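Let's take a walk through this structure together, starting with its helices and then turning to its aromatic rings. Have a look at the sequence and the model before reading on.

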Amino acid sequence: MKKQVHLYYSGKVQGIGFRFTAERIAEELGVLGWARNLNDGRVELVAEASEDVLKDFLAQINTIFSRYIQDVDINWEAATGEFKDFGVRF
């Protein structure tokens, strides 16, 4: 069963390749959605895949960026099926 996860990462998460690394990991795992920088310094990320794949995706992001991430606001929801790929939004 597919799920959607909507996250807000805070800390020193901009200017370090966060969005593009998330995009690379998403493409490797088949995760759909997007990531974008927010004006307040956070990164917003929306992703859809099976729950196991999403947990792997988030674990990889957390491992790579653990020293930059200060806090994560995470919401699990039902998948909408609206995404065709994973991209970086500007």
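Is the crossing in which α1 passes α2 right-handed or left-handed? This is a predicted model, and in it α1 passes α2 in a right-handed crossing. To find the two helices, look for residues 18-29, which form α1, and residues 51-65, which form α2. Their axes come within 10 Å and cross at roughly 145 degrees.

Now zoom in on where these helices touch. On the α1 side, the contact is made by Phe18, Thr21, Ala22, Arg24, Ile25, Ala26 and Leu29. Facing them from α2 are Val53, Asp56, Phe57, Gln60, Ile61, Ile64 and Phe65. Sorted by character, the residues of this contact comprise ten nonpolar, two polar and two charged ones.

Two names from that contact, Phe18 of α1 and Phe65 of α2, turn up again when we follow the aromatic rings. Together with Tyr9 and Tyr68, Phe18 and Phe65 belong to a cluster linked by ring pairs.

Across the whole structure, a search finds five aromatic pairs. One of them to look at joins Phe20 and Phe90: the pair is tilted, with 6.4 Å from centre to centre and 40 degrees between the planes. Because Phe20 lies in helix α1 and Phe90 in the segment after β5 (86-89), this pair ties together parts that are 70 residues apart in sequence. As for their surroundings, Phe20 is partly exposed, with a relative accessible area of 43%, while Phe90 is exposed, with a relative accessible area of 82%.

Definitions and conventions
Residues numbered from 1 in each chain as written. Predicted model: local features only at pLDDT ≥ 70, side-chain atom pairs only at ≥ 80, totals over all residues. Heavy atoms only, no water. Axes fitted to C-alpha atoms, helices over the stretch in contact; angles between N-to-C directions. Helix = DSSP H or I, 4+ residues; strand = E, 2+ residues; numbered from the N terminus. Left-handed = near helix turned anticlockwise from the far one by under 90°. Contact = heavy atoms within 4.5 Å. Nonpolar A, V, L, I, M, F, W, Y, C, P; charged D, E, K, R; others polar. Phe/Tyr/Trp six-rings, centres within 6.5 Å; stacked < 30°, edge-to-face > 60°. Buried < 20%, exposed > 50% of the residue type's maximum accessible area, 1.4 Å probe, protein only.
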